[in-house]
Amino acid sequence: MKYILNQNQCGFLMKNGCFVKTLYQGTYQYLKALGYEVVVEEMEGLVGFQKVPREVLLKDEAFASQVLEARVPEGFLGVLRENGVVKKVGTEPLTLYWNHWGRYSFELLDMRSPEMDEAVTRSCLAQIPLKYYKKIEIQPGESGLLYYDWRLVKELEPGTYYYWTFGADVVGRIVDLKTKTLEVNGQEILTADRIGIRLNLICTYRVVDPKRMVETIRQLENQLYGCVQLIIREYVGRFRLDELLEQKEEISGYIHGRLKEVQEEYCVEFLNSGIKDIILPGEIRDIMNTVLVAERRAQANVITRREEVASTRSLLNTARLMDENKTLYKLKELECLERICAQVGSINVAGGGALLEQLKALMGKAEGA
């Protein structure tokens with residue numbers, strides 16, 4: 001039988017099911033009756049010939065010179081590159097690729113240590129399945145704690161990190177270091193004069209010791225909430241309602257001081273805190289509104305009386321001046337006459353007597369009326 005192989009083909013010569021040698025470009029004739037068979041394959045990509053173990057094929061020097069042998073030991077990843085570009089990543093123990101044109105290259109990535117080599121590029125990571133590595137992202141304002149098999153290794157600054165998971169269980173704990181707000185709302189407290197009120201308190205804090213916080217505290221916000229509750233009840237219950245309303249700022253300062261005393265236990269720093277609202281029962285609120293209205297009315301009455309006294313004192317001073325100064329008295333008479341004339345339509349003057357005397361008499365009548 002005649003076989004013609006072009007420059008991109010390879011033939012595997014078999015006799016009675018056993019491999020003899022590899023054939024390349026050329027024309028060949030073998031008698032099938034004598035047990036010969038030639039299996040033709042394109043020399044491109046993976047070697048697909050499966051009738052003979054790969055170890056047997058590699059003993060043929062002509063075949064071995066035309067293929068790339070990719071062996072991947074345990075704990076490694078094999079990276080196949082075509083013309084320098086990552087083509088495939090795998091863990092197959094042995095893979096053969098046709099490399100007739102020298103386009104392929106092969107390298108190994110060591111996964112036995114969790115630390116990933118910086119030479120591993122993003123294009124290479126895109127080909128690696130996620131089960132082989134872990135990605136840890138730490139944003140600005142955060143701190144990362146790196147654990148190998150739950151043993152703390154180091155703290156991580158903001159950035160993106162990659163670790164192999166073959167040799168150890170890699171865990172990254174991320175702690176937020178930014179300032180947070182804690183609101184404690186609707187705390188019902190009985191004052192010293194047995195009046196039930198509700199308080200709303202607000203405080204801001206930030207984590208300052210992330211390592212100790214992760215190791216010693218579970219559910220930090222819940223524990224801080226309970227701490228603030230106890231401090232409020234411990235201190236606010238000593239005051240009467242009127243004292244509480246008058247000393248709201250002082251009490252807020254005391255609460256902040258008490259929180260500063262215990263902040264180290266919770267690995268945080270309290271930046272500020274204080275009473276946001278004081279909510280009174282409906283009956284107490286109505287009573288206080290009534291008292292407030294009464295106080296405002298009393299103040300209004302005091303102001304009215306003060307103005308009346310001032311007005312009377314002014315009249316008395318005016319009368320004294322007119323009594324002492326006749327010219328001022330005459331001017332006052334003319335002023336009064338001017339006001340009277342402004343209010344009447346016409347004035348009839350009777351004969352006999354001077355005009356000024358008649359006006360005086362008219363003015364006297366008008367004032368008497």
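Strand 7 (residues 76-82) has 7 of its 7 residues buried, so it is largely enclosed by the rest of the structure; buried here means under 20% relative accessible area, exposed over 50%, and partly exposed in between (1.4 Å probe, protein chains only). Welcome to this predicted model, in which local features need pLDDT of at least 70, side-chain atom pairs count only at pLDDT 80 or more, and totals for chains, interfaces and linings use all residues. Residues are numbered from 1 along each chain as its sequence is written, and side-chain values use heavy atoms, with hydrogens and water left out. Helices (H or I, at least four residues) and strands (E, at least two) are DSSP runs, numbered from the N terminus.

**Strand 7 and its partners**

- In a regular strand, side chains alternate between the two faces of the sheet.
- Phe76, Gly78, Leu80 and Glu82 point one way from strand 7, while Leu77, Val79 and Arg81 point the other way.
- Strand 7 runs antiparallel to strand 10 (residues 104-110), joined to it by 7 bridges; two strands pair if DSSP finds at least two bridges between them.
- Across that pairing, leucine 80 stands opposite phenylalanine 106.
- Strand 8 (residues 85-90) also pairs with strand 7 in the antiparallel sense, over 5 bridges, and here arginine 81 stands opposite valine 86.
- The hairpin of strand 7 and strand 8 has 2 residues between the strands, and asparagine 83 takes a positive phi near 55° there.

**The open sheet 16-17-18**

- Farther along the chain, 3 strands form an open antiparallel sheet in the order 16-17-18.
- Strand 16 (180-190) and strand 18 (268-279) stand at the edges with a single partner strand each, so one side of each has no neighbour in the sheet.
- From one strand to the next, the twist averages 20°.
- Strand 16 and strand 17 (residues 196-207) pair over 9 bridges, with leucine 190 opposite glycine 196.
- Helix 5 (residues 220-236) lies across strands 16, 17 and 18 at about 40° to strand 16; axes are lines fitted to C-alpha atoms, for helices over the stretch in contact, and angles run from 0 to 180 degrees between N-to-C directions.
- Helix 7 (residues 248-262) lies across strand 17 and strand 18, at about 150° to strand 18; contact means heavy atoms within 4.5 Å.

**Salt bridges**

- The count comes to 14 salt bridges, each being a side-chain nitrogen of Lys or Arg within 4 Å of a carboxyl oxygen of Asp or Glu.
- Glutamate 269 and arginine 206 meet in one of them (2.9 Å, N to O).
- Because glutamate 269 lies in strand 18 and arginine 206 in strand 17, this pair ties together parts that are 63 residues apart in sequence.
- Within helix 7, arginine 258 and glutamate 261 sit 3 residues apart, about one turn of the helix, and form a salt bridge with their closest N and O atoms 2.9 Å apart.
- Arginine 258 is buried at 18% relative accessibility, whereas glutamate 261 is exposed at 57%.
- Glu82 of strand 7 belongs to a salt-bridge network with Glu44, Lys87 and Arg103.

**Two leucines to look up**

- Leucine 58, in helix 1 (residues 54-58), counts as buried at 18% relative accessibility.
- Among the residues that leucine 58 touches are Phe63, Val67 and Leu96.
- Leucine 328 is found in helix 9 and is partly exposed, with a relative accessible area of 33%.

Note on methods:
Lists of a residue's contacts leave out its neighbours within four places in sequence.
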